[in-house]
Amino acid sequence: MMGSSCFLMPSPPVQPSMPQGAASSPARLFHPPSSVIGRLSHSHPLPRAPPPSGLKLTHILNTHHHWDHTGGNEELKARFGATVIGPAADRDRIPGIDVALRDGERYSLGAAEFLTLDTPGHTRGHVTYYFPSAKAMFSGDTLFSLGCGRFFEGTPAQMQASLDKLRGLPQDTRVFCGHEYTAGNARFAVSVDPDNEFLREWKGRIDAARAKGLPTVPSLLEDELEANPFLRPNSPAIRKSLGIPASASSAEALGAIRAAKDKA
């Protein structure tokens, strides 16, 4: 699916030397020999390519139940014998789920351990997987580069709480999000925060990368905190741009920013 990201990560994880992530080409963090974990949207991109030497698909991590994130579970599970991991709150909506994790639960994949964070808002059962040793979060459709997910099953208050939780992670955390929406998100961000010089410079790099067919994912949480309007609902400049009163709560402002993005 164009615009969806699929990530493969080794166990133990390694630090990449260049940006990873893709719209149509999965990001790969390889260090063979290794087992592999992945957040897989659908089954077609991976099985059509031969598996990299020394790698085996052992686990599939789903952040939420939407079909573009879980549609390949059963086919890949049957082909590779992979274990499907997903949120406990969405157990009944995750095809082929084997392991259902709750907020605060840790899970080990070989030498790699991750922390499960409940991050509802896009869906009621959405989770984010945080790998401290890899300095990486897999945020699905909660936090995008310069954006956030639509509130399909949640409220602005739920999404605000989820984003606050992610905002509290170390700033050098890399954000592996579920879709390559960065160029469109950047256009909107600049429209509501035109005087943000860091944002404008970043948008230029994003546009240049996408013009060459290169991915923009992952981003760095530190950069998101400087430029992502959905992480900055209390910015006076953004509130002035969208006519959000100073008296509005962070969640109310977030809802207004999301509504403006939906209309953009």
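Start with the lining of the second largest pocket in this predicted model: by class, it holds seven nonpolar, five polar and six charged residues. Select His122, Phe144, Arg150, Phe152 and Tyr181, which lie nearest the pocket's centre among the 18 lining residues. The space in this second largest pocket comes to about 340 Å³.

Next, colour the helices α1 (67-70) and α8, each of which supplies at least two residues of that lining. Helix α8 gives the most, with three residues.

Stay with α8, residues 250-263, and add α3, residues 156-167. The axes of these two helices are 8 Å apart and the packing angle is about 105°. That makes α3 roughly perpendicular to α8. Which residues meet where the two helices pack? Show Pro156, Ala157, Met159, Gln160 and Leu163 on the α3 side, and Ser250, Ala251, Leu254 and Gly255 on the α8 side. Sorted by class, the residues of this contact are six nonpolar, three polar and no charged.

Now turn to the sheet. Select β7, β8, β9, β10, β13 and β14: these six strands form an open sheet, in the order β7-β8-β9-β10-β13-β14, with mixed pairing. The edges are β7 (106-109) and β14 (219-220), each with a single partner strand, so one side of each has no neighbour in the sheet. Helix α3 appears again here, since it packs on the sheet and touches β8 (112-118), β9 (127-131) and β10. The direction of α3 makes about 150° with that of β8.

Within the sheet, pick out β10 (residues 136-140) and β13 (residues 174-177), which run parallel and are joined by four bridges. To see one pairing, select Ala136, whose bridge partner in β13 is Arg174. Strands of a sheet pair through backbone hydrogen bonds, either parallel or antiparallel.

Two backbone details complete the tour. Most residues other than glycine have a negative phi, and most peptide bonds are trans. Go to Lys135, in the loop between β9 and β10. Lys135 is not a glycine, yet has a positive phi of about 50°. Then move to Pro218, in the loop between α5 (197-211) and β14. What kind of peptide bond joins Val217 and Pro218? The bond is cis, with omega about 10°.

Definitions and conventions:
Residues are numbered from 1 along each chain as its sequence is written. This is a predicted model: local features need pLDDT of at least 70, side-chain atom pairs count only at pLDDT 80 or more; totals for chains, interfaces and linings use all residues. Side-chain values use heavy atoms; hydrogens and water are left out. Axes are lines fitted to C-alpha atoms, for helices over the stretch in contact, and angles run from 0 to 180 degrees between N-to-C directions. Angles under 35 degrees count as roughly parallel, over 145 as roughly antiparallel, 65 to 115 as roughly perpendicular and the rest as oblique. Contact means heavy atoms within 4.5 Å. Ala, Val, Leu, Ile, Met, Phe, Trp, Tyr, Cys and Pro count as nonpolar, Asp, Glu, Lys and Arg as charged, and the others, Gly among them, as polar. On a 1 Å grid over the protein atoms alone, a cavity is a set of points where a 1.4 Å probe fits but cannot get out, and a pocket is an open set with protein on both sides within 12 Å along at least five of seven lines; lining residues have an atom within 4 Å of a point. Grid points are joined across faces, edges and corners, and a volume is the space filled by probe spheres set on the points. Two strands pair if DSSP finds at least two bridges between them.
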